[in-house]
Amino acid sequence: MAQSLTTAYQRIPFVPPAESAAAQPTVTTAPCQPLRHCAAEFSTYLQRCSTLSDLLQTAMVKICGAIAADVVAVSQRSANDNDCLLATAYSHGPAPEVCPRYFRWEMGLAGPEHTQCLDATALGQLPAALEQSLQLQHMDNGWIVPLWYNGQIWGHLMGFWRSPFAPRVVDIMAHLEQMAAQLMVGVRLIELQRQADYSQGQQRRLEQLLHHLQLHDSLTGLPNRRHLLQELTQALTNESAAQLTGVVLVNIDRFQAINDSLGHEAGDQLLLEISFRLAQALKPAHALAHWGEDTFAIVLRQLPDADSATAIAANLRHEIERPYDCNHTEVFLTCSMGISVSRAAHTTPEALVQEADTALHQAKGQGHGQILSFQPAMHDRVVARLQLEIDLRKAIQNQEFVLYYQPIVALSDKTLVGFEALVRWQHPTGGMISPAEFIPLAEETGLIVAIDQWCLQTACEQMRQWQQRWPNLPPLSISVNLSSQHFLQPNLVEHIQTCLETAEVAPNRLKLEITESVLIGNTGLATAILTELQQLGLQVSMDDFGTGYSSLNYLHQFNFNTLKVDQSFVALLEAGTKKTAIVQAIITLAHALGMNVVAEGVETSAQHDLLVAMHCEYGQGYLFARPLTLDNATGTIERQLF
């Protein structure tokens, strides 16, 4: 830097005073030993300075003493071409007040860009503000050296004498220019250090921000999952024998419905309000976190017993269930909670959180607004369910399912008219597993679609085999149950049509059984699918009729071919009772709407006789046959029809 600045000065010619040599005052021409010494040691002085003001003030004092000037000053140019005095040094007496500090070069010098000597005439042309600040009216001569920084004027270094017997400027100018260059090197170093300090400060602030973001939720500002685990670790470490640590997981029930109806922005506002209420209701010793989406987590410290955790949870539930004002809409929320309290068996915070999560899952399974504390039996059920899910996925891959066939008969003469195909799971080690055990799990995990598709394909293939064995087979039908997830699949009709065409089975040989749950939520789509299925030639039955709360409404909206009376009504059939009247009403209604009726769960001759008297066409149940294996079902066809 020093070399480039010096080179810049060398390109600028020295301009002597305008007056002739004869007019010059008498000057001292002896070498200035203090100045040479100062110039030689100048860099050493400047290296000891840590701030710009310290650097400039030190430089002014050293130069002022070295050349015996009355005043030495340095200014810096601003963006609007004004100069600002930054530092001054005086050889005698206290420094006068520097006011104003800003001035503009408006005389012939025009902000000198090269070294200049100043006589009395030139001094009179200096800016009035500069003259007033430095008391230049008392000076006889002086000099100005421009300070160059990155090819531009940074400012000016200037000095003045009262005495006409000052050193000749021409003799000291080389030293002044050298020190000016060294001064700018020092300025550059100070600037670089300032930039480095700023960068380091920015880096520290960025690291602090990143650390905060890593440990806090962006929506609520609450600690996040990672931070809470740290709090829980500390709480367990500091736990005493007489005090317990608890974890509460809070999940807002049906929060997705809020987002769907009021919008995600309203949902976010509700989460903010919930977090505020929870924070206000908790003591400072406890820790609250946004666990994710619509779930919050709480670490309860210093609990006297496990019951106190339940009491705190109940109070938090009360706070959450108070009404909310959401964009002038009154909203009510409920929440489910799972609680776990520390025991000696715990080894990690994650284990405590996992137990609370298990309890939360069990609470949500029992309905809305439930609070459950973890019990060891819950863990056993979760492990068993997980294993069952793993086995179920393998069962689909390995085709471990079999179909059983329960006969459907005409009640008038008990002749066989068809079968209902019922899926069973032949577990390789666990034996035959009941549908009541694995069907709910399959529906929850979405695996029911693959099971339904397998049942449809297998039933159609079995009907083909019976037809090939008995070409003159009477028009038996086979009924297959469809889950709500499978019914709403976009390719349902195409898949069924492919199964029928591949098996070469007529559509009227296949009946599809659906329950009211299939129709809930999207009646328009359900109507379209039912119409397509019936146009294909299939028959559709409403299964388990009478168990839903809106069965009559669905009968009015949808066209079904068959109505199946649920076995809970058939089981209580007895002449002259209310149940009998209800079944009679169902049968009469079905006939009025153009449907035939199948009674499920017929187990006694008395039930059979009553149903015949009510003009119920078909029935199935243990009175006729239990669900049969394929061989037994084939034997039944052969015995009854051939």
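Select F560 in this predicted model and show its surroundings: once neighbours within four places in sequence are set aside, F560 is in contact with I514, L519, L530, Q534, V540, S541, M542, Y554, L555 and M595. F560 is also one of the residues with the most contacts inside the largest nonpolar core, a set of 82 residues. Add F487, L510, L519, L533 and L611 to your selection, since these are listed with F560 as the residues with the most contacts inside that core. To see which helix gives the most to this core, colour helix α14, residues 448–469, which supplies 10 residues. Apart from this core lies another one, of 37 residues, and you can find it by selecting C38, Y45, M179 and M184, which are among its members.

Next, keep α14 on the screen and add helix α22, residues 630–641, whose axis comes within 12 Å of the axis of α14 and crosses it at roughly 40 degrees. Are these two helices parallel or oblique to each other? An angle counts as roughly parallel when it is under 35 degrees, and as roughly perpendicular from 65 to 115 degrees; α14 and α22 are therefore oblique to each other. The crossing in which α14 passes α22 is right-handed. To look at the contact itself, select Q462, W466 and R469 on the α14 side, and then L630, A633, T634, I637 and E638 on the α22 side. Colouring these residues by class shows 4 nonpolar, 2 polar and 2 charged residues in the contact of α14 with α22.

Now move to another pair of helices, α9 (residues 264–281) and α10 (residues 306–320), whose axes come within 9 Å and cross at roughly 140 degrees. An angle has to be over 145 degrees to count as roughly antiparallel, and α9 and α10 are therefore oblique to each other. Their crossing, if you turn the view to look along it, is right-handed. Which residues meet here? From α9, select I274, R277, L278 and A281, and from α10 select N315, L316, E319 and I320, which they meet. The residues of this contact divide into 5 nonpolar, 1 polar and 2 charged.

The remaining stops are in loops. Select A575, which lies in the loop between α19 (567–570) and α20 (578–592). Is A575 buried or exposed? Its relative accessibility is 57%, and because a residue counts as exposed when this value is over 50%, A575 counts as exposed. Leaving out residues up to four places away in sequence, A575 touches T580 and L610. If you add H156 and draw a distance between the two C-alpha atoms, you will find A575 and H156 118 Å apart in space, with their positions 419 residues apart in sequence.

Continue to A68, in the loop between α3 (52–67) and β1 (71–77). Its phi is near 55 degrees, which is a positive value in a residue other than glycine, and with a relative accessibility of 56%, A68 counts as exposed.

Finish at H615, in the loop between α21 (605–613) and β22 (618–620). The phi of H615 is near 65 degrees, again a positive value in a residue other than glycine. H615 has a relative accessibility of 59% and therefore counts as exposed.

Definitions and conventions. Residues numbered from 1 in each chain as written. Predicted model: local features only at pLDDT ≥ 70, side-chain atom pairs only at ≥ 80, totals over all residues. Heavy atoms only, no water. Axes fitted to C-alpha atoms, helices over the stretch in contact; angles between N-to-C directions. Helix = DSSP H or I, 4+ residues; strand = E, 2+ residues; numbered from the N terminus. Left-handed = near helix turned anticlockwise from the far one by under 90°. Contact = heavy atoms within 4.5 Å. Nonpolar A, V, L, I, M, F, W, Y, C, P; charged D, E, K, R; others polar. Core = buried A, V, L, I, M, F, W, Y, C linked by side-chain atoms within 4.5 Å. Buried < 20%, exposed > 50% of the residue type's maximum accessible area, 1.4 Å probe, protein only.
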